[in-house]
Amino acid sequence: MPANRPRTKILLDGGDPAETLRVKNALGFLDGQTTNPTLVAKNPEIQHLIASGHKLSRKDQENEYKHIVQQISPLVGDAGVSIEVFADLDTTAEQMLAQGEEMFSWIPNAYIKYPCTREGLRAAGESARRGIRVNVTLCFSQEQAAAVYAVTKGAREPVYVSPFLGRLDDRGENGIDVVRNIKKMYERGDGHIHVLAASLRRLEHLLASFALNAELATVPAKILEQWAAQGLPMPDENFRYEAVDAEGRSLKPIPYRDIELNAPWRSFDIRHELTTKGIERFVNDYLNTLAPAA
Ligand code: E4P
């Protein structure tokens, strides 16, 4: 166990158990893992099947996903393995919940990922009431995070919310600001939500997540291996996050908003273009692994 292990729990963002083992060995620990339809579609076994012309049925896909998370589950610590329900823009909360209940039975340390939409939040709220651990994904705004707080209030287990900071950076906005703003907003809360910094693109994102005391961060293997190769550096008191993109252009700040956390969850404006686009991308990657319906 490394002496300088961060307080932020480290999760691998991936869909390949061999990679999980490799990263765990490189770090000396691994608290958890997140998966999603894009990452599962990239799994070497699934890629191999597709390359040899074997597109999968929905049932095969589900069995493959189950098999993948069952291999990952014993390799990680108490931050668990996040498994994402299949949801397109028309999927109802009831349909997501039925999948969530089934997926939650696959492994003992599952977190079920629901998208940050009205239906996803309904499913997340009901799951939390039923004792199903939840990770609300594709979160891009403070308002969305406030709605996650409100809809899961009273949850017995910690609820994760995943702000996707890299995808905000990709369109010129400072994604780290959203993590900072959500953390600040939750200071007035009851502590039932844990912030999981997601969609990290570079080591500075990880160091900034540590500096902001994000409870968790999910990180691609490449960045974790880079972090390990540098001896697991931590930000010191002089650490300053430079809000610039890969070309050195300044990212637009996202201001903090004073939001009443205890308002009814339906009162928050949770619409975000990137949430919609994110769902479309996951659906596309998922469908690409499937055989056309007979
Ligand atoms: C988190 O749970 C997601 O799987 C992930 O961080 C998405 O990151 P991306 O923007 O690199 O796809």
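1. In this predicted model, the side chain of Arg201 places an N or O atom 2.8 Å from an oxygen atom of the ligand. Taken by itself the ligand would expose 340 Å², and 89% of that area is buried by the protein.

2. Two further side chains approach ligand oxygen in a comparable role: for Asn36, a polar side-chain atom lies 2.6 Å from an oxygen atom of the ligand, while for Asp13 the corresponding distance, again from a polar side-chain atom to an oxygen atom of the ligand, is 2.7 Å.

3. The residues around the ligand are, besides Asp13, Asn36 and Arg201, also Thr34, Leu39, Lys113, Phe164, Arg167, Ala198, Ser199, Thr218 and Arg281. Sorted by class, this shell contains five charged, four polar and three nonpolar residues.

4. Which pocket does the ligand occupy? The space that the ligand takes up is the largest pocket.

5. As for the chain as a whole, its secondary structure amounts to eight strands and 12 helices. The radius of gyration of the protein chain is 18 Å, close to the 19 Å that the globule rule gives for 294 residues, so the chain is as compact as a globular protein of that length. Along the principal axes, the C-alpha trace of the protein chain spans about 55 × 45 × 35 Å.

Methods:
Residues are numbered from 1 along each chain as its sequence is written. This is a predicted model: local features need pLDDT of at least 70, side-chain atom pairs count only at pLDDT 80 or more; totals for chains, interfaces and linings use all residues. Side-chain values use heavy atoms; hydrogens and water are left out. A residue is near a molecule or strand if one of its heavy atoms lies within 4 Å of it. A polar contact is a pair of N or O atoms within 3.5 Å; within protein, one must be able to donate a hydrogen and the other to accept it, and residues adjacent in sequence count only if both atoms are side-chain atoms. Accessible areas come from the Shrake-Rupley method with a 1.4 Å probe; for residues, only the protein chains shown count as cover. On a 1 Å grid over the protein atoms alone, a cavity is a set of points where a 1.4 Å probe fits but cannot get out, and a pocket is an open set with protein on both sides within 12 Å along at least five of seven lines; lining residues have an atom within 4 Å of a point. A molecule sits in a cavity or pocket if more than half of its atoms lie within 2 Å of its grid points. Ala, Val, Leu, Ile, Met, Phe, Trp, Tyr, Cys and Pro count as nonpolar, Asp, Glu, Lys and Arg as charged, and the others, Gly among them, as polar. Helices (H or I, at least four residues) and strands (E, at least two) are DSSP runs, numbered from the N terminus. The radius of gyration is taken over C-alpha atoms; the globule rule is 2.2 Å times the number of residues to the power 0.38.
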